[in-house]
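Please look over the model shown below, keeping in mind that it is a predicted one. The paragraphs after it turn to charged pairs and then to a nonpolar surface.

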Amino acid sequence: RMHESRKEVFKVETQLKKGLIEFCILAALRKEDSYGYRLVEVLSDYVSLSESTLYPILKRLEKNGYVETYSVEHNSRLRRYYQITQSGKNHLQSFVGTWPEMVKIYQYIKGEE
C-alpha cells in the first residue's frame with residue numbers, strides 16, 4: 001500500500017517539475033534565442049534535463065505558440081533555434097504572478113502556516 005502512495009507522489013513530482021522546466025526554458029529564451037543542446041547546458045545549474053526530455057517540451061511550447069523556430073547554418077549543418085514569442089512572454093509573466101500563491105501553498109504543506 002505504501003508503494004502505491006510513493007508512486008502517486010512521484011507522478012505529482014514529475015508533473016510539477018515538467019511544468020517548472022517549461023517555465024525555465026521560456027525564461028532562458030527570454031534572455032536569448034537558443035538551440036537544444038545549449039538550453040540543456042544553460043539550465044543544468046537549475047534543473048536536471050536531458051535532450052530527450054527537452055525536445056518534447058519544446059515541441060509542446062511551439063504547438064502552444066509560446067516559442068517559434070528558425071534555422072541557422074552552423075558547420076555546414078542547419079541548427080534549429082528557438083525564440084520566445086510575445087505569447088510565451090505573457091505566459092511566463094502570468095506564472096510569475098501566481099508565485100506568491102504557490103509559496104503560500106508550499107508553506108502550508110510544509111507546516112509553516
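Which residue forms a salt bridge with Glu-112? The partner is Lys-110, and the closest N and O atoms of this pair lie 3.1 Å apart. Glu-112 itself is partly exposed, its relative accessibility being 47%. This pair belongs to a wider set, since a search of the whole structure finds four salt bridges.

Another of these contacts joins the side chains of Arg-38 and Glu-41, with an N to O distance of 2.9 Å. Both residues sit in helix α2, which covers residues 36-43, and because they are three residues apart there, about one helical turn separates them. Arg-38 is partly exposed at a relative accessible area of 32%, and Glu-41 is likewise partly exposed, at 37%.

A salt bridge also connects Arg-80 with Glu-62, where the closest N and O atoms are 4.0 Å apart. This pair links distant parts of the chain, 18 residues apart, with Arg-80 in strand β2 (residues 77-84) and Glu-62 in helix α3 (residues 51-63). Arg-80 counts as partly exposed at 43% relative accessibility, and Glu-62 is partly exposed with a relative accessible area of 30%.

The surface also carries a nonpolar patch, formed by Leu-16, Leu-20, Trp-99, Met-102, Val-103, Ile-105, Tyr-108 and Ile-109, which together have about 800 Å² of accessible area. Helices α1 (2-31) and α4 (86-110) each supply at least two residues of the patch, and α4 gives the most, with six residues. Trp-99, one of the patch residues, is placed in helix α4 and is partly exposed, with a relative accessible area of 41%.

Methods: Residues are numbered from 1 along each chain as its sequence is written. This is a predicted model: local features need pLDDT of at least 70, side-chain atom pairs count only at pLDDT 80 or more; totals for chains, interfaces and linings use all residues. Side-chain values use heavy atoms; hydrogens and water are left out. Patches are made of residues with over 30% relative accessible area and no salt bridge: like charges are joined within 9 Å, nonpolar side chains (Val, Leu, Ile, Met, Phe, Trp, Tyr) within 5 Å. Accessible areas come from the Shrake-Rupley method with a 1.4 Å probe; for residues, only the protein chains shown count as cover. Helices (H or I, at least four residues) and strands (E, at least two) are DSSP runs, numbered from the N terminus. Buried means under 20% relative accessible area, exposed over 50%, partly exposed in between (1.4 Å probe, protein chains only).
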